[in-house]
Amino acid sequence: MASRQPEESWTEEAICPICLDFFTEPVLLECGHNFCRSCITQSWEEKEINSCPECREEFPERNLRINRALANLAEKAGKMKVNLREKESKLHCEEHEEELKLFCETDKKLICLICRDSREHREHRFMPIKEAVGMYKVKENRNEEELQNLQKPILDKKKECDAVKSDYEKTLTHIQDQSVKAEKQITAEFEKLHQFLREEERIVLEDLNLEKEKKSQEMKERIEKIMEEISSLLVTVRDIEQELSEQDNIKFLTKIQDRQKRVKRTLPEPQKVYPLINVGKYIGPLQYRVWKKMLTVINTAPVTFDPNTAHPNLLLSEDLRNVRFTGKRQQLPDNPERFDPGPCVLGSEGFTSGKHSWEVEVGNKTEWDVGVAKESSNRKGQIYLSPDNGYWALRLIEGNKYKACEKPSKLLELSVKPRKIRVCLDYEGGKVSFYNSDNKSHIYTFTATFTEKLYPFFCPGTTDGGKNTEPLTICPRTVTIQEDEGFIPSSK
C-alpha cells in the first residue's frame, strides 16, 4: 500500500476540480487554476460571470489556454488506473504477492508458483486453474442433479404447503364473513324477540293500569257512599240527643216508638267488599303465558341446516331452513365436513339418544333424498346411500319413483304423492321411520342398532332440466299446549 501512495498522489493532480475525473482538454485560467474546457465553459454559461470556481477571481474576457502537459499527465493517469484495476482484479498470493495460477487438488486451494515449490506443497497434486474449473464444473453438475433429486420431494411438499396455506387464508376470510353474517342475523332475530316482549310488556302494564283505575274508582265510590251514611248517622245522633233532652215527659214518651224505628233504619249492615287487584293474574304465570303466546308468532324449527356441510352448489336461506340447488359453485372452504361432489347437506344438530322428528316440505319436486346419516359417513367422492355406508334415507327420482335406500334399494308403491315428509328417529329403538304428513300414512321404516351420533340428512337433487327448482324446506314445529286444569308444563 505504501508503494502506491506516490502514484495516487500525482494522479490526483490530473483530476478536474469540477467533474472530479481526469482532465479532458485541460485549460489554464489567468489565475493559474486548471479545468476541463467543457466544465469551465458550462460553469460560466450557468453563472454568466467569468470567474474561477476555486479562487473566485473574475476575468473581463474568456482567455482559455490549453495545458498540454496536464493533458498528457491526465492521459497517463487514466491508463495507469485501468492497469491498476486489471491488476487488482487478479487474485494474488497473500504470502508471496504473486498471481495465483495453480490449483492444489490436495488442499483444494489456489496457489502461486512459489507455493508449489515450497515444503508445504512438496508432494501435493496440482493442475492449472482453467483445467480445475472444467473438472469441478462437471462434478458440480452431477452434484447439482443429485441435489435437485433430493430437493424435488421437498419442493413438492413446499408446493403442497403453499396450497394448504392459500386454503387456510381463504378459510380465515370465510370465517370472518360467517361471523359478520351470523352476528347480523342474531341481532335481527333478538330484535324480533325484544320487540315482541316490549309489546307484551306494554299490553300487560296497560291491562294492569286499567284494572287499577277500575278498582280505585270502585273504592272511591264506596268511600263516598259510606261517608254519606256516616253523615246520616250523625244527624240521627243529634236528633236523638235533642229528644233525650226533652223536658216534657209526655212528648218524650210518645216519641219512643218512632225513635226506635228511626235508629233501625239508620243502622244498615255495612258491606265489606274489597275489590283488590288480582296481582297473581299478572305476575304468577306471566312468563308462561308470554312463552305460550310467543310460540304462536315465532316460527320454531326442530332442525336447521349446517352450512359447513353444504355442497358449494347449494344455496341456503338466511334462517337455514330452505335449501336449493343452483348449479353455480360458491367459493367455500373444502373442509372435511362438506359434501362434494354430492349436492347434500346435514342438519346442524346431531343425536345420540332419544326420539326426534322433523318435517320436510318436498312440494312438487321431481327428485330428493331425506333421512339420517352417521357422523362418520363418507362425504367426499361418489356417495352410495345405504345403511352399510351410514345412510338411512328415502329417495324420489323421475318424479314418481319412491325408493327406500336399502342394499339393494326397495321400490315403494305410494297411492298419494306426499308434499311433506315426516322423519322420525328412535335412537334407542333403532328405527328411522318416514310418514306422509298430509294424511299421516306410514311410508317405510329402517331398523338398525345405532352406536354413534346421527344427523338429519337432506339432498334437494339437481335442477332436472328446470323441473326440480323448488327448495327443500324444513317446516316449523307445531306446538300444542294442554289447557286442562292442573296441567304443569314440562321443564325440558
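In the predicted model, strand E17 and strand E18 (residues 431–436) run antiparallel and are joined by six bridges. One of the residue pairs between them is Cys424 with Ser433, the latter lying in E18. The two strands form a hairpin with four residues between them, and in this hairpin Gly430 adopts a positive phi near 65 degrees.

Strand E17, which spans residues 420–426, shows an alternation of its side chains. Ile421, Val423 and Leu425 are directed to one face and are buried. Lys420, Arg422, Cys424 and Asp426 are directed to the other face and are not buried. Cys424, the bridge partner of Ser433, thus belongs to the set that is not buried. E17 is also paired with strand E11 (residues 355–361), to which it is joined by seven bridges, and this pairing is antiparallel. Here Val360 stands opposite Ile421 of E17, and Ile421 is one of the buried residues of that strand.

A further sheet was found among strands with lower numbers. Strands E2, E1 and E3 form an open sheet in the order E2-E1-E3, with antiparallel pairing. Strand E2 (34–36) and strand E3 (65–66) occupy the edges; each has a single partner strand, so one side of each is left without a neighbour in the sheet. Strands of a sheet pair through backbone hydrogen bonds, either parallel or antiparallel. Between strand E1 (residues 26–28) and E2, which run antiparallel, there are three bridges. Within this pairing, Val27 has Phe35 of E2 as its bridge partner. Helix H2, formed by residues 37–47, lies across E1, E2 and E3 and runs at about 90 degrees to E2.

Pockets were examined as well. Rolling a probe the size of a water molecule over the atoms shows where empty space is left. The second largest pocket has a volume of about 420 Å³. Its lining comprises 23 residues, of which Asp369, Ile383, Leu385, Arg395 and Cys459 are the closest to the centre of the pocket. By class, twelve residues of this lining are nonpolar, six are polar and five are charged. At least two lining residues of the second largest pocket come from each of strand E12 (368–374), strand E14 (391–397) and strand E20 (454–459). The strand that gives the most to this lining is E14, with three residues.

Notes
Residues numbered from 1 in each chain as written. Predicted model: local features only at pLDDT ≥ 70, side-chain atom pairs only at ≥ 80, totals over all residues. Heavy atoms only, no water. 1 Å grid on protein atoms, 1.4 Å probe; cavity = no way out; pocket = protein on both sides within 12 Å on 5 of 7 lines; lining within 4 Å. Points joined across faces, edges and corners; volume = space filled by probe spheres on them. Nonpolar A, V, L, I, M, F, W, Y, C, P; charged D, E, K, R; others polar. Pairing = 2+ DSSP bridges. Contact = heavy atoms within 4.5 Å. Axes fitted to C-alpha atoms, helices over the stretch in contact; angles between N-to-C directions. Buried < 20%, exposed > 50% of the residue type's maximum accessible area, 1.4 Å probe, protein only.
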